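Here is a short report on a protein and its ligand. Look at the structure first, then read on.

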Amino acid sequence: MERLDKVLSNLGYGTRKEIKALAKEGLIEVDNKIVKDSGMKVNPDDMEIKISGEVINYRKYIYLIMNKPDGIVSATFDNYDETVIDLLEPEHQAFKPFPVGRLDKDTVGLLLLTNDGELNHRLISPKWHVDKVYYAEIDKTLDQNDVQKFKAGITLDDGYKCLPAELKILESNENGSRVEVTIQEGKFHQVKRMFNSIGKNVVYLKRIKFGPIDYDFNLEEGEYRELSEAEVESLKNPKCS
Ligand code: URA
């Protein structure tokens, strides 16, 4: 059981003081009874809570998919730059979500955000082998030799040997290459450093898949939506990914 005002403020319905005022006005109902004491203990899983006649959508966790734009930092706070959290509506910020793994400031594309710490841990831990797929543009030619190097495990500048990765060449000529890279870990600047290790540079990077979740073409850069229940289930069940 939790205090009604705490449940509602966590869901973004206002501060505890504001919720107290709503209750005093008779605008809050629990199981169809007007509740004037906002400190009442409730079980939001079992009880129906209404504000101004509307049933609240109670959930403890939220799961968001964002199409991250260039120039935005994927952190919860930054001294200088706008963060992905700044792009969220207050009703979603109220859940205190954080990005699942990081994308660089100049990397775009699929970013998941949640306040579910356990799922976050599973999704970013290399132990669970969750595929992260990136579309990348590279400044130089690539060939099957490079594909083999990725498969064997690239050694980064700090001596770390990456897990085997898949490099799919979509197009390659003397002007550069377009590729898809699949990795199961998320070291700092990993994809860029993998290419640096073979003497090439990433000039554009976009994440297009995270486990079972695909890039959503309906989201403009900077837009986001909640994942459906089926999508959340597919993330929680690693066999599906
Ligand atoms: N690899 C990178 O180099 N940057 C990212 O943002 C993600 C993966």
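Two domains each give at least three residues to the shell around the ligand. They are domain 2 (63-125 + 218-240) and domain 3 (131-210). The model is predicted. Its chain is divided into these two domains and domain 1 (2-55). The C-alpha centres of domain 1 and domain 3 lie 51 Å apart.

Now look at the shell itself. The residues around the ligand are Leu103, Asp104, Thr107, Tyr134, His189, Gln190, Val191, Lys192 and Leu205. Sorted by class, four of the shell residues are nonpolar, three are polar and two are charged. Which helix gives the most to the shell? Helix α6 (residues 190-197) does, with three residues.

Next come the polar contacts. The table pairs ligand atoms with N or O atoms of the protein.

| Residue | Protein atom | Ligand atom | Distance |
|---|---|---|---|
| Thr107 | side-chain N or O | oxygen | 2.8 Å |
| Val191 | backbone N or O | nitrogen | 3.0 Å |
| Gln190 | backbone N or O | oxygen | 3.4 Å |

Threonine 107 uses a side-chain atom. Glutamine 190 uses a backbone atom, and valine 191 also uses a backbone atom. How much of the ligand's exposed area does the protein bury? Taken alone, the ligand exposes 240 Å². The protein buries 97% of that area.

Where does the ligand sit? Its place is the largest pocket. Around it, domain 2 and domain 3 each supply at least three shell residues.

Conventions: Residues are numbered from 1 along each chain as its sequence is written. This is a predicted model: local features need pLDDT of at least 70, side-chain atom pairs count only at pLDDT 80 or more; totals for chains, interfaces and linings use all residues. Side-chain values use heavy atoms; hydrogens and water are left out. A residue is near a molecule or strand if one of its heavy atoms lies within 4 Å of it. A polar contact is a pair of N or O atoms within 3.5 Å; within protein, one must be able to donate a hydrogen and the other to accept it, and residues adjacent in sequence count only if both atoms are side-chain atoms. Accessible areas come from the Shrake-Rupley method with a 1.4 Å probe; for residues, only the protein chains shown count as cover. On a 1 Å grid over the protein atoms alone, a cavity is a set of points where a 1.4 Å probe fits but cannot get out, and a pocket is an open set with protein on both sides within 12 Å along at least five of seven lines; lining residues have an atom within 4 Å of a point. A molecule sits in a cavity or pocket if more than half of its atoms lie within 2 Å of its grid points. Helices (H or I, at least four residues) and strands (E, at least two) are DSSP runs, numbered from the N terminus. Ala, Val, Leu, Ile, Met, Phe, Trp, Tyr, Cys and Pro count as nonpolar, Asp, Glu, Lys and Arg as charged, and the others, Gly among them, as polar. Domain bounds come from an automatic or database domain assignment.
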